[in-house]
Structure formats: C-alpha cells, structure tokens
Amino acid sequence: MAAHRPSGRRLGPRLVVAVAAAVALLSAVSAAQSTLSVEDAILEARSANARLPLRALELSLARERRSEALAERWLKVALESDFLYAPASGYDPALTNLGDARLQVVARQPLYQGGALKARATRADADVAAASARYRMADKDLDLEVRSRFAELLAERADLGVRREGIERLRSYQTWLKSRQASGQGVAADVLKTEVRIAFEEAAIAETEERQDEIRFELNDLLGRDPAAPLELEPLGSPAAPSPAAAASWQSAPEIAAAQAEARSAEAEVTIARADRQPRLFVGADLGFWVADTTHLGSEFWDRFWNAKGYSFSLVLAWPLWDAGSARARVAQADLGLQRARAQVEVERRDAYLAWTQAQTAMRGLFRQIEILSRAAPAARDSYLEMESRYRGGTASALEVLEAHSAAVEASSRLIEATARYRVAQAVAIRWSSP
C-alpha cells in the first residue's frame with residue numbers, strides 16, 4: 001500500500017532564506033524599538049518622576065496667588081443682607097431702631113494703601129518666578145541624574161565586557177599551560193599563578209555585575225519602571241572635545257534665578273510692612289433696601305421694606321498713629337529678610353560658578369585622559385599578545401604575561417571609566433549652564 005503524501009508543497013530554498021531574513025529583520029526592528037536612548041530616557045523620567053508634579057503644583061499655587069493679589073487692587077461687588085431683631089423691652093430704641101433689615105448691593109474700591117497693593121502684586125510675581133525656577137531646578141536635577149546613571153550603566157557594561165574578554169584569554173592561556181603540564185613540562189608554578197589571576201578577575205567581574213545592577217535599579221526607578229526590569233540602552237557616541245563655553249553661561253542657573261526672585265519678594269515685603277504705617281483710603285457705594293423696626297413683621301413691615309429703596313456713598317480714611325512698636329518691628333523684620341535674601345543671591349552665584357568651573361575643568365582633563373588611554377589601550381592589548389607569543393617561544397616568563405594581561409585590562413577599564421566620568425562632567429556642565 002502506497003504511503004500517503006501531504007498535498008502541500010514544501011518551501012523552496014530561496015523562500016526559506018527570504019522568510020529567515022524577514023524574521024531577522026523583524027527581530028532587529030523589535031530590538032531597536034526596545035533600545036532606550038538618553039533623550040528618550042529623559043522624557044520618560046520626566047513623565048514618571050514623583051518630584052516634578054510637586055513642583056508643578058507649587059507653581060500653579062503661586063500663579064493662583066498672583067491672580068488673587070492682582071484682583072485685590074480692583075473693585076469688589078457683593079450682595080449683603082442682615083436682619084436685626086431688638087424688642088423695645090431691651091436696648092434703647094434710639095440705638096437699635098428696634099432692629100433693622102437690609103438687602104443691598106455693595107461696591108468697595110481701595111484708593112490708597114501706601115503702596116501695599118502694588119507691592120503685593122509684585123511679591124506675587126516674584127513668587128511665581130521663584131516657583132518656576134524651583135521647578136526648573138527639579139527638572140535639571142532629574143536630567144543630570146538620568147544622564148549620569150545612563151553613562152555609568154553603559155560604562156559598567158562595557159567594563160564587564162572587557163573583563164570577560166580578558167578572562168577568556170586567560171582561560172585559553174591556562175588551557176595551553178595545562179596541556180604543557182600534562183606533557184611533563186615543569187610549568188606547575190605558572191599554572192598556579194594563572195589560576196590566582198583568574199580568581200581575581202572573576203571577583204572583579206562579580207563586583208562589576210553588582211555595581212551594574214545597582215545602577216540599573218536606580219535608572220529604572222528614575223524612569224518609573226520596576227527596578228529589577230531589564231534595560232537595554234542605546235550606546236553613546238565617542239566623546240567630542242569640549243567646546244569653549246560662554247564665560248557667563250553659569251549665570252543662567254535656576255538657583256540664581258530663584259534667589260533673585262526671592263530677593264524681589266523680600267523687597268516687596270519691606271514695602272508692605274512700611275505701608276502699614278501709612279494712611280488707607282477706601283471708597284464705597286451701596287444700592288438696595290434698608291428699613292428700621294423689625295419688631296412687627298406684618299404686612300406693614302413688608303410695605304415699608306419695599307418702599308425703603310435708596311443708595312449711599314462712603315469715603316473711609318484709616319491712619320494708624322500708635323501701636324506700641326508693632327509696625328516698626330514688622331519693618332525691621334522685613335529689612336532683615338531682604339538682607340538675607342540678597343546675601344543668598346551671592347551665595348547661589350558663587351556655588352553655581354564653582355560647580356560650572358569644576359565641570360569645565362574636569363571635562364578638559366578627562367578628555368586629555370581619553371586621548372591618552374585611547375592610544376594606550378590598543379598598545380596594551382598588542383603588548384599582551386606579544387608577551388604571550390614570546391612565552392610560547394620561551395623568551396618570556398609567565399609573570400610577564402600576567403602583568404601584560406593586567407595592563408591591557410586596566411588600560412581598557414580606565415578608558416571606559418574616563419569616558420563615563422567625562423559624560424557625567426558634561427551633564428554637570430549642562431546642569432549649571434543652560435537656562
């Protein structure tokens with residue numbers, strides 16, 4: 001009986017290759033989409049950070065207070081009503097009018113308060129500027145943290161790759177030594193030295209893996225992700241030579257802007273405190289119903305109430321003359337607060353200049369290190385390969401081979417470290433220079 005053959009046709013070799021290529025392309029695209037760039041990391045951190053919403057709320061609150069301060073300068077209209085019942089058996093009717101009832105639309109407008117109204121608006125504007133600067137400070141601190149952790153995580157992973165590659169070379173070298181030992185050659189001491197060196201490198205790899213996990217946890221937390229989640233990062237380009245920075249770029253630091261805004265707010269506080277000793281003038285007007293004698297609430301009362309229509313105008317002057325030194329103390333407090341705020345501006349300026357100068361100096365020094373180590377690292381690897389070849393030829397010792405290996409690993413590791421430190425210094429310079 002003939003075997004049953006499937007009716008479908010098998011894929012040809014070309015179709016198989018095409019399908020495999022398509023799958024590989026889709027995998028590459030998926031991997032690229034899951035790789036996180038530093039710019040995307042900053043955007044993701046801003047949307048997931050817990051501190052920025054607090055600063056945003058502070059800014060919104062300051063803006064609402066500014067709206068309130070501006071509204072205090074203008075006319076206010078209100079509907080007011082009261083009802084007073086005072087029977088004749090009580091108070092003197094001449095004083096109480098036997099009670100009264102009122103329903104009025106009242107308008108009040110401040111005319112002069114010694115500059116306090118304008119100062120309150122100025123203070124509110126300064127508080128908005130200070131809140132905006134504090135929001136920018138939180139945003140720039142987050143930017144600095146993300147850039148720093150991003151560079152450090154890439155550095156730890158690169159260092160891990162260098163050390164793993166180095167330990168593979170040592171193990172290959174160890175295998176060759178053991179084969180010589182098995183053939184009866186006296187290389188037992190060289191085998192032991194190599195085993196010790198491999199143990200040291202394994203410990204270094206374990207330490208690097210631990211640091212890598214710690215930095216990954218911190219970066220994931222900044223991004224609002226699960227700290228233990230895997231994280232694929234897009235490699236950063238080779239560091240470019242630091243460009244000359246503008247001499248006064250550090251003056252745009254938000255700390256300085258916040259301190260200057262707080263100084264303006266303190267100046268307004270002085271004006272407000274001094275205005276407490278100045279005369280105040282208000283104008284008012286009302287329109288509505290106002291009637292006396294509420295002891296009889298019959299129809300006669302309501303007839304009198306609806307017929308008691310009218311309006312009035314008022315001009316009120318208040319001028320404090322003596323308060324046992326209370327106003328003087330408030331002025332003194334405001335003056336001291338202003339002195340403190342102005343001193344804080346100078347402190348923030350010095351701190352910003354110091355941080356910016358240190359970052360610029362670190363970038364220049366680290367870039368010189370990168371240039372030197374970029375030449376030293378390949379030379380160190382070539383030196384190790386040459387030393388191992390010479391050992392195989394019998395013209396070098398095992399100790400020289402291990403020292404050359406350590407030099408090669410150290411040169412690559414120091415290059416990676418210098419690159420990471422350069423990128424962190426670059427992030428610090430951005431933190432203290434951009435507005």
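In this predicted model, Leu75, Val77, Leu79, Leu103, Val105, Leu287, Tyr311 and Phe313 form a nonpolar patch of about 890 Å² on the surface. At least two residues of the patch come from each of strand E1 (76-84), strand E2 (100-112) and strand E4 (309-318). Leu287, also a member of the patch, belongs to strand E3, which spans residues 280-292. The relative accessibility of Leu287 is 53%, so this residue counts as exposed, the cut-off for exposed being over 50%.

Nonpolar residues are also found in the interior. In soluble globular proteins, nonpolar side chains tend to be buried together. The largest nonpolar core of the model contains 26 residues, and the most contacts inside this core are made by Tyr173, Tyr384, Tyr391, Val401 and Tyr422. Helix H5 (116-182), helix H9 (326-392) and helix H10 (398-431) each contribute at least two residues to the core. The greatest contribution is that of H9, with 11 residues. A second core, separate from this one, has 18 residues, among them Ala41, Leu142, Phe150 and Leu154.

The surroundings of Tyr173 were examined in turn. When residues up to four places away in sequence are not counted, Tyr173 touches Thr194, Tyr384, Glu388, Tyr391, Ala398 and Val401. Of these contacts, Tyr391 is buried, because its relative accessibility is 7% and the limit for buried is under 20%.

Aromatic rings were considered next. Across the whole structure, 13 aromatic pairs are found. Trp176 and Tyr391 form an edge-to-face pair, because their planes stand at 75°, with the ring centres 5.7 Å apart; the angle required for this class is over 60 degrees. This pair connects distant parts of the chain, since Trp176 is in helix H5 and Tyr391 is in helix H9, 215 residues apart. Elsewhere, Phe289, Phe301, Trp302, Phe305 and Trp306 are joined into a cluster by ring pairs.

A charged residue was examined last. Arg431 is part of helix H10. Its relative accessibility is 3%, and Arg431 therefore counts as buried. With residues up to four places away in sequence left out, the contacts of Arg431 are Met137, Lys140, Asp141, Leu144, Pro254 and Glu255.

How values were computed
Residues numbered from 1 in each chain as written. Predicted model: local features only at pLDDT ≥ 70, side-chain atom pairs only at ≥ 80, totals over all residues. Heavy atoms only, no water. Patch = residues over 30% accessible without salt bridge, like charges linked within 9 Å, V, L, I, M, F, W, Y side chains within 5 Å. Areas by Shrake-Rupley, 256 points an atom, 1.4 Å probe, with all protein chains shown as cover. Salt bridge = Lys/Arg side-chain N within 4 Å of Asp/Glu carboxyl O. Helix = DSSP H or I, 4+ residues; strand = E, 2+ residues; numbered from the N terminus. Buried < 20%, exposed > 50% of the residue type's maximum accessible area, 1.4 Å probe, protein only. Core = buried A, V, L, I, M, F, W, Y, C linked by side-chain atoms within 4.5 Å. Contact = heavy atoms within 4.5 Å. Phe/Tyr/Trp six-rings, centres within 6.5 Å; stacked < 30°, edge-to-face > 60°.
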